[in-house]
Amino acid sequence: MIADNDPPLSFLLNRIKERALECGGFASTPRGDYRPEATCWGILALPSDPANHDLIQRARDRLAAGQLPDGRVCLSPDHPEAYWPTSLAVFAWHRSPEHRQNQARAAQFLLTSGGEHSRVRADSSVGHNTALQGWSWIAGTHSWVEPTGLAMMALKIAGHGRHARVQEGARLLLDRQLPQGGWNYGNTMVFGQVLRPMPLSSGIALNALKDQTQGEAIQPSLTYLKSRVISLNTPRSLGWSLLGLAAWQARPGQARRQIDNCLKSQEKYGSYDTSSLALLAVALQSPGGLEDIFSVREKS
Amino acid sequence: MNTKPAPDKKTVSRKGFTRRDFLITGLGGAALAGLGLYLWPKIFRPRWHEQTFIAKVPDYRADIAAVILAGFRELGVSPAEIRGNRILLKPNLVETNPGAIHINTHPAVVYGAAQAFLKLGAAQVIVAEGPGHCRDTLLLLEESGLAGLLGEDRIPFIDLNYDDVYSVKNLGRYSTLPRLTFPATLKQVDWVVSLAKLKTHHWAGVTLSMKNLFGVMPGTYYGWPKNVLHYAGIDGSILDIVWALRPQFAIVDGIVGMEGDGPIMGAPKPAGVLVMGRNFPAVDATCARLMGIEPRRVRYLADAWRLGPISEKEIVQLGENLAAVQTKFQLLEKIPAHRGLRG
């Protein structure tokens, strides 16, 4: 594990801590308001040492205060349909004895919710298997690659790795893998044309498929992402690509330098949002994919 | 002998109407009244009188700011109207593919528009987008070449997918959406300018200044892709967004557009034009004609009559003559949304 006095990591952790709110949780931007997804990512990024303990627990409490009775965690109480932060909340509450019930209810919500699916039609304009059910970003919409990958990872760490829904999620991800390797948001072919892969979606899918499939099934995607990651310089794509490759022991040797360069780009783009900073911090600390962040911390 | 059966006193009125006659007459009357209420505003609405401007622009090396300023003059966009205002430019950033200049609004058009508004005295120009396919907006910004150009002039960029939000009741009622959730940045600007790309679209038929506004809807509330809008009806959602936002100006990049399987997998179509105007249905109808498409056959345009005109009689054409720049964009029979668009 990288020590948190390591320059890029300490920079990231300090920026994240600056966004912690008095009333618990994290804002997405400096002086911004509470955001559940920023809070989940902030909790995940910060090492659970005594110096961070209170801050992390208050953030977890704030997240718990916003959890709805059915277990979902939404972007805001006015928008219960925007439930995609639930998967992230499962991670944020992981290994917190005080929040065991919250995590169990969130996982239960994921097991009982899912994206819309329909029988496969012979005249369908899309190439993927629409009958497979994964997870959607927003209630009442189709299953897509990224929310499916995030929900699978969340259910795996919550102890549901062998659940039929996780297995169906894995089948969905393999079905949505592009013939040339990689994934995009979730369409493989539309009106007979094969679409292009995207590094962020590919990183999430690869990470989610760790321990769910054999290496040969995802080999074209590993090849795609290994060549694509070299040119990445933006936090969301770089962070998830590194985690996706790390999950299959294929993290590139220049990962640290790339994260360094990506942080320097803030001079051009302005400071990154909390989720992006935290994603880079997690990618820096976790050599074996997102779930590995917990075992790395246990060992340290 | 009278063989006629005796009338049933319970069901026949004194004038000889049965209860069934009353029911049929009543329903017929109600249907006619409903049809009248539906057609009346369509037939007897006041005539529109909107202007659109077409400029020939051979390629992206041209002085695009000068072309847009010429369009402003023709369309009566004066410095007094722009001075001191905050302008939001919303390009069409979808995906990047090395060498492909027909997918996204070209950076030169975004830059040219920014320069034109600043020249007229805008207090600030910001560029903002919430892409529907790629959750890493910075990646698109960087790989499209837009980041470099904006950086040179320190023009800020806002990722609308992750912005703070506000919600309003959906007063347009074209789709099934009860409310619309918009990025807070839209409330902080005076003008919203749609910087669209001239493209065919495999679900909507075409994607022009109005469909481009799907990109203002935050992905955090509508998903990637913005599937909530698809489930609520693409055509209705396009109209609801324009109804709620009432955007001020449209510029469509048709210097190199896209034909065939748009909006991402089609072929480049050099049309050599910029199309501009204040009224969005008028701009999109002009673009459609330019592409060899009958606007009335495009569902969202056919239903746009409360927002603006699509009839040639109600659109004053400035700049280039439409016939001089018209070029048929390829439509594909296998795509249902393309069928019958030629008129």
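In the next few minutes I will go through chain B, then a helix pair in chain A, and then the interface between the chains. Please keep in mind throughout that this is a predicted model.

Let me begin with chain B, whose secondary structure comes to 12 helices and 12 strands, and whose C-alpha trace spans about 100 × 45 × 45 Å along its principal axes. The domain assignment divides chain B into domain 1, covering 1-44, and domain 2, covering 49-338, and the C-alpha centres of these two domains lie 51 Å apart. Of the 343 residues in chain B, 53% are buried, and if we take the contacts in chain B between residues at least 6 apart in sequence, 75% of them join residues at least 24 apart.

Turning to chain A, I would like to look at helix H1, residues 7-18, and helix H13, residues 274-285, which pack at an angle of about 145° with their axes 9 Å apart, in a crossing that is left-handed. On the H1(A) side the residues that meet H13(A) include A:Leu9, A:Leu12 and A:Ile16, and among their counterparts in H13(A) are A:Leu277, A:Ala281 and A:Leu284. The residues of this contact divide into 10 nonpolar, 2 polar and 1 charged.

Finally, the interface: how many residues of chain A are in contact with chain B? There are 29 of them, in contact with 27 residues of chain B. On the chain A side, the elements that give two or more residues are helix H10 (235-246) and helix H12 (266-269), and the residues of that side divide into 12 nonpolar, 11 polar and 6 charged.

How values were computed: Residues are numbered from 1 along each chain as its sequence is written. Chains are lettered from A and ligands numbered from 1 in the order in which they are written. This is a predicted model: local features need pLDDT of at least 70, side-chain atom pairs count only at pLDDT 80 or more; totals for chains, interfaces and linings use all residues. Two residues are in contact if their C-beta atoms, placed from the backbone, lie within 7 Å. Helices (H or I, at least four residues) and strands (E, at least two) are DSSP runs, numbered from the N terminus. Ala, Val, Leu, Ile, Met, Phe, Trp, Tyr, Cys and Pro count as nonpolar, Asp, Glu, Lys and Arg as charged, and the others, Gly among them, as polar. Axes are lines fitted to C-alpha atoms, for helices over the stretch in contact, and angles run from 0 to 180 degrees between N-to-C directions. A crossing is left-handed if the near helix is turned anticlockwise from the far one by less than a right angle, and right-handed if clockwise. Domain bounds come from an automatic or database domain assignment. A residue is buried if 20 or more other C-beta atoms lie within 10 Å of its own, exposed if 12 or fewer, and partly exposed in between; C-beta atoms are placed from the backbone.
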